[in-house]
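Q: I am new to this structure and would like a close look at a single part of it. Please keep the account plain.

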Amino acid sequence: MTASRSMPYPLGVTPLEGGGAHVAVYSETADKIWFCLFDDADGTDGTDGTAGAAGTETRFELTERTGHVFHTVVEEARVGSRYGLRVAGPWDPAAGLRHNENKLLLDPYATALDGRFDWGQAVFGHDMDEPETMDTTDSASAMPRNVIADRDFDWGSDERPLTALEDTVVYEVHVKGFTQQHPDVPEEIRGTYAGLAHPAAIKYFTDLGVTAVELLPTHQFVQDSHLEEKGLRNYWGYNSIGFFAPHDEYASEAAGTRGGQVAEFKAMVKAFHEAGLEVWMDVVYNHTAEGNHMGPTISFKGIDNASYYRLVEGEESAYFDTTGTGNSLNVSHPAALGLIMDSLRYWVTEMHVDGFRFDLATTLTRQGGEASEHSAFLTLIHQDPVLQSVKMIAEPWDTAGYQVGGFPADWSEWNGKFRDDVREFWNGEPGVLSTFSDRVLGSPDVYEDSRRSPLSSVNFVTAHDGFTLADLTMYAEKHNDANGEDNQDGESDNKSFNGGVEGPTDDGAVNEYRDRQRRNFLGTLLISAGVPMILGGDEIARSQGGNNNAYCQDSEISWFDWERADRDLLAFTTELITLRRENPALRPDWFRYAPEVESDDHVQVRRADDHSFSSGDWQQGENKAITFVLTHKDADAFAYLTNGSTSVVEFQVPEAPHGEWELASSSDPDQQVEGPVTTLLVRDASFTLLRSRAS
């Protein structure tokens, strides 16, 4: 930005080429706003000051106002400067007004933060004992600072991979957890963006064959005071406060926190792109870390509470909450919607991110209370040219409802039905064969009537929230005692089965069963139509000791234990991903049997005796065997034989489209296929995948 005169846009702080910075802040209800520049504790404004130190504060009033935007040019500000905002205006919580100029505030548009919160009275706008009373304690010494980050970066010839959805395999992973104990990543960068970009980490992803790495929240988030009091930490990061800033704790020591985290994040994305990998972000736009009426005043609450948050109509001191966290962003207001859209565009244009997974996305579609496919949020994204080529993935629920299948055609969704139905089938539940079949076929019962494709379904068996795959097969009950909540937190209905023994065991038969089940789950995930997502570490049997809610476990409970990696399971997973990538019959882009759709993909669903299913067959609870014949024009064909029962089933093998069947994969390591095969025994709780080569 080169202009020296002040303008109402862009919002936030933008360095000027000739020196100084342009500052613009939105507020409908403020009377005055100040940009507060801080020297470091040693009286300088260099890069060697103490993070979080108070320093010397110099205030600059934003003297110009256009509409609801306060703005000015601050000549003394520059790249690397640390700053905050102060906002003066009415204090009237009953009317939804919570201005308090004693509180230093974070800039909603800050691109980097430096320092930590001191969770005392100072960061609360109200008196903790009398919530309607304003607290006059100055919070500067208890607040982190915004940093004016350098936006210059040499992207070179960087290009986004633009991997087609039908070719996509997603790997959900935590920036820190993956490398914190990785033996081939230098110790000084473990747990950081630089660590995740290390050649050893990238080689692992490419060798495995995944195409997109979905990072748990990397927006700047806040450590919860109640967790810190218990000696725990917010590990997952679903407590956002900076929608433009990469989380500073994931920056290496060399990068620092004075804006260097921005360059390190960019370098990570560039390294991933060079390897042909996409970077997706798990983003939390549904709420912020400020919580409800008893929460702190650290940003939006003190700038324009009613514009950024949805308040209870007629009781504006309270927050309308469909997130379970105390507040919900007010997506019916242009300021909140503009913030979200500006943030998304920033991460695409400035940080070169390839996709977004929206936490509790249903909340973002609630303007008047009800979720709507035609909400302003979805409409804005649909028409935005910057976001057209970016993957959009919804977590289709919030505390007020489940909305799988309710998002537009150009969105994909985390399909919880896939998780639940596949778990039930392989755990031997009766009467689930029909729903299991739907999941393998891409969930036509969810998407076909609305003319959406199987690629609308992001299939997963496990995710960060819940058991890992290893624990799904080792534990019948959750074991969350380390979380300090008397094992009351986390989901109780896990649809898991331990094989008869809770936790690790030396029983060979139980371990063999568990190994087979892990391959069953991964096999179904990678053979089914849709977009498969693997929870990071499932492919090496990563365990959390039965903890199914490890959100607060920034510890060995959550970190990858590379020394105990199951290399056989890793090889099995890698082979299946390769098989999927090389064979179009295993990754269709439309429902294969839809009669009105011309497609090169086709499927047959057969009983174990190779007859068609009748309506009565689906109703028989004891029926747990099914064959899928998957074909693609002029390409290899596959027969997926699945036996979810507790006994061996003899399958009549369908006629091979191109000649003899051969063994492609099986969860049973003893399975053999020799010569022409017309019948095949498939052992209990196992699958066999046959291949008929086109040439």
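Which residue in β13 is the bridge partner of Tyr171?

A: In β13, the bridge partner of Tyr171 is Val213. Some ground rules come before the details. The model is predicted, so local features need pLDDT of at least 70 and side-chain atom pairs count only at pLDDT 80 or more, while totals for chains, interfaces and linings use all residues. Residues are numbered from 1 along each chain as its sequence is written, and side-chain values use heavy atoms, with hydrogens and water left out. Helices (H or I, at least four residues) and strands (E, at least two) are DSSP runs numbered from the N terminus.

Strand β13 covers residues 212–215. Its pairing with β12 (170–173) is parallel and has four bridges; two strands count as paired if DSSP finds at least two bridges between them. β13 also pairs with β16 (residues 278–283), again in the parallel sense and over four bridges. In that second pairing, Leu215 stands opposite Met281 of β16.

The side chains of β13 can be sorted by direction. Ala212 and Glu214 point one way, Val213 and Leu215 point the other way, and all are buried; buried means under 20% relative accessible area, exposed over 50%, and partly exposed in between, with a 1.4 Å probe and protein chains only. In a regular strand the side chains alternate between the two faces of the sheet.

Helix α3 (residues 199–208) comes before β13 in the chain. Its buried residues are Ala200, Ala201, Ile202, Tyr204, Phe205 and Leu208. An α-helix has 3.6 residues a turn, so residues three or four places apart point the same way. The cover over the buried residues of α3 includes β12, β13, α1 (175–179), α2 (193–196), α5 (260–274) and α14 (567–582). After α3 comes Gly209, with a positive phi near 105 degrees.

Other positive phi values are found in residues that are not glycine. His352 has a phi of about 65 degrees and sits in the loop between α7 (334–349) and β19 (355–358). His352 is buried, at a relative accessible area of 16%. Leu360, with a phi near 45 degrees, lies in the loop between β19 and α8 (376–383). Leu360 is also buried, with a relative accessible area of 7%. Most residues other than glycine have a negative phi, and most peptide bonds are trans. The peptide bond from Tyr9 to Pro10 is cis, with omega near 5 degrees; Pro10 is in the segment before β1 (12–15).

For a contrast with the parallel pairings of β13, there is another sheet to look at. Five strands form an open sheet in the order β4-β3-β7-β11-β10, with antiparallel pairing. β4 (57–61) and β10 (113–114) are at its edges with a single partner strand each, so one side of each has no neighbour in the sheet. β3 (residues 32–38) is joined to β7 (residues 82–88) by seven bridges, and β3 pairs with β4 over five bridges in the antiparallel sense. Cys36 stands opposite Gly84 in β7, and its bridge partner in β4 is Arg59. Trp34 stands opposite Arg86 in β7. Six of the seven residues of β3 are buried, so β3 is largely enclosed by the rest of the structure.

Pro90 lies in the loop between β7 and β8 (91–92) and counts as partly exposed at 32% relative accessibility. Apart from neighbours within four places in sequence, Pro90 is in contact (heavy atoms within 4.5 Å) with Thr29, Asp31, Leu97, Arg98 and His99.

Finally, the setting of these parts. The chain has 15 helices and 32 strands, and 61% of its 695 residues are buried. Among contacts between residues at least 6 apart in sequence, 71% join residues at least 24 apart. The C-alpha atoms fill a box of roughly 85 × 50 × 50 Å along the principal axes. The radius of gyration is 27 Å, which agrees with the value near 26 Å for a compact globule of 695 residues; this radius is taken over C-alpha atoms, and the globule rule is 2.2 Å times the number of residues to the power 0.38.
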